[in-house]
Amino acid sequence: MILAERVVLVSILATVCFGHTVGGTRIHTPYSKLTRDLLDGHDKHVFPANSTEDLLEVAFSISLDQIDELDEVHQKISLTAHIEQNWYNPHLSWNPADYDGITDIRLPADKVWLPDTVLYHNVGEKSGLLTSDVNVVVSHDGYVTWVVPSMLRASCQVDVTYVPFDTQRCILHFASWSYSKDLLTFVNDTVLLDSYKDNGEWMLLNADTVPFFASWTHRKQEMQGVSLVLVLKRHSHFCVLFKVVPFILVAAVSLLVFLLPVDSGEKISLVITNLLTLVLFYVEISDYFPGKDFPYLGVFFFVFVCVVLSSCVLTVLVINTYHSQRPVPGYVHQLFFGCWGLQRYVWYVPRKCAPGIHHRGSSRRKQTSHSRVQVEGVDNKRDFSGNYSRSISEPLNPIDQDKVYQTVLGIQNDLYQAVHRIERMESHLGADRAEREDYEGFEPLSEWKIIAIIMDQIFFLISTAITCSACISFVVTLICKQDMDELHDVTMDM
């Protein structure tokens, strides 16, 4: 009993002298005493002002950490940042000399008054009210500092007209939800980029803050806040290398279908394969754009799809023309083979027959008939039954013998020449025969086939011209847009 009484007596003396009890006791330190003194009787719902005429100024600054995502389809931006707010609360001040020189203290955020700062146009899961379980830092002069780590999601009007060379401007509005500008105002708003990390798709060109005023008709009051303005430029190299360039290459290969011979049997399969590839590209790219806007890149791709689709239809027309068996109408013949026909504007027009046979065969026939005349002329040179025919029994005088001898010599020379010409004719006929054997089975081209070949070349020139015009127009549009952006930047600087 005596020992128990001594323990109780020591506990009472320790509690009185040192401010704590044994077994779950309170420790009276300067921090605990200061916390009790500040929070005892403090109402966190009371606006920190000494009079109704006082205007509370909240210093607002945001430290941007990263742009997480800019969703073009749903028109929203997501980012990570630290928001710092500073204000004066006269009910949270003290004299450091009374508390062992303590100049600042950390207090739970749910124990003191906080400004109801809200992210307007919030699209996140929360209401947009900046709340956190982190402590506030209270200084001895009554200034409160509250730094809130936040993941912000807000609506952003995205203009995809010049994708992938576009520049976007997103504005995030911060203001009090219930205090009008006569009671609370934001001052000294700044943006800090010391801890900012670059985004893989977007480059941050500028970040600034401007005053923001929100008026509510039904409440007949106006709130004053801060707007965070972010200017973002898209990294275009990824989209160009992996979307634009493959699309252009597939479309360019589709134009070669007009240079492929009809007899190859691969024209339709080539153009249909490329058309399906472009349609898949087009559908995939369209998923990245909002439904209400149609960018120039989409127009550019749409032109390519239409050109390839037209190539498919025109290829069917060319194949049907090539295999047509009907007579060629007069107006069609005039259109392609007239004085100003389409054959004048292409680089290749095939002939109707095998090269060299018709013309050389006709020349051979002319040479043959001419030689036949010359051979037959040999018989006409001498009349063997005429003046020189004599009876064998008649004796020849020396003069007649000389004439007969000269006649025989002339006949011999004519025979030599005739044999030589016959040998030449035989060699020419052998060459013609060999050439005809080389072209044995050759089918002469009909006019329909020649027309189909000319149509292929005309369609190739037209499709190439349309494709090149679309590319040039797209590039010129981007150059003009870049010049307008530079002029706008110069105007803003002035």
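**Sheet, helix pair and single residues in a predicted model**

In strand 8, the residue that stands opposite I62 is V191. This pairing is taken from a predicted model, and the description below begins with the sheet to which it belongs before turning to the helices and to three individual residues.

The protein chain as a whole contains nine helices and 10 strands. Of its 494 residues, 35% are buried, and among the contacts between residues at least 6 apart in sequence, 77% join residues that are at least 24 apart.

Six of the strands form an open sheet with mixed pairing, in which the order is 3-5-6-2-1-8. Strand 3 (104–107) and strand 8 (184–192) stand at the edges of this sheet, and each has a single partner strand, so one side of each is left without a neighbour in the sheet. From one strand to the next, the twist averages 25 degrees. Strands of a sheet pair through backbone hydrogen bonds, and the pairing may be either parallel or antiparallel.

Both kinds of pairing can be followed from strand 1. Strand 1 (residues 56–71) runs parallel to strand 8, to which it is joined by seven bridges; in addition to the position of I62 opposite V191, V58 stands opposite F186 in strand 8. With strand 2 (residues 76–88), by contrast, strand 1 pairs in the antiparallel sense, over 11 bridges, and the bridge partner of I67 in strand 2 is L79. Strand 1 and strand 2 form a hairpin with four residues between them, and in the turn Q75 has a positive phi of about 55 degrees. Strand 1 is also mostly covered, since 12 of its 16 residues are buried.

At one edge of the sheet, strand 3 is joined to strand 5 (residues 136–139) by four bridges, and these two strands run antiparallel. In this pairing, D104 stands opposite S139 in strand 5. The two faces of strand 3 can be told apart, as I105 and L107 make up a covered face, whereas D104 and R106 make up an uncovered one.

Among the helices, the packing of helix 3 (residues 237–255) against helix 4 (residues 267–286) was examined, and the axes of these two helices were found to come within 9 Å and to cross at roughly 160 degrees. Because this angle is over 145 degrees, helix 3 is roughly antiparallel to helix 4. The crossing in which helix 3 passes helix 4 is left-handed. On the side of helix 3, the residues that meet helix 4 are F242, K243, P246, F247, V250, A251, V253 and S254, and on the side of helix 4 they are L270, N274, T277, L278, F281, Y282 and I285. Sorted by class, this contact between helix 3 and helix 4 has 11 nonpolar residues, three polar ones and one charged one.

Three single residues illustrate how positions distant in sequence are brought into contact or proximity in the model. S311 lies in helix 5 (residues 296–322), and because its relative accessible area is 1%, under the limit of 20%, S311 counts as buried. When residues up to four places away in sequence are not counted, S311 touches V257, F258, V271 and S463.

I453, which has its place in helix 9 (residues 447–493), has a relative accessibility of 22% and therefore counts as partly exposed. The C-alpha atoms of I453 and Y322 are separated by 7.8 Å, although these residues are 131 residues apart along the chain. Beyond residues up to four places away in sequence, I453 touches Y348 and P350.

Y345 is found in the loop between helix 6 (330–337) and helix 7 (357–381). With a relative accessible area of 48%, Y345 is partly exposed. Along the chain, Y345 and Q457 are 112 residues apart, and their C-alpha atoms are separated by 9.0 Å. Once its neighbours within four places in sequence are left aside, Y345 is in contact with W340, I458 and L461.

Notes
Residues are numbered from 1 along each chain as its sequence is written. This is a predicted model: local features need pLDDT of at least 70, side-chain atom pairs count only at pLDDT 80 or more; totals for chains, interfaces and linings use all residues. Side-chain values use heavy atoms; hydrogens and water are left out. Buried means under 20% relative accessible area, exposed over 50%, partly exposed in between (1.4 Å probe, protein chains only). Contact means heavy atoms within 4.5 Å. Axes are lines fitted to C-alpha atoms, for helices over the stretch in contact, and angles run from 0 to 180 degrees between N-to-C directions. Angles under 35 degrees count as roughly parallel, over 145 as roughly antiparallel, 65 to 115 as roughly perpendicular and the rest as oblique. A crossing is left-handed if the near helix is turned anticlockwise from the far one by less than a right angle, and right-handed if clockwise. Ala, Val, Leu, Ile, Met, Phe, Trp, Tyr, Cys and Pro count as nonpolar, Asp, Glu, Lys and Arg as charged, and the others, Gly among them, as polar. Two strands pair if DSSP finds at least two bridges between them.
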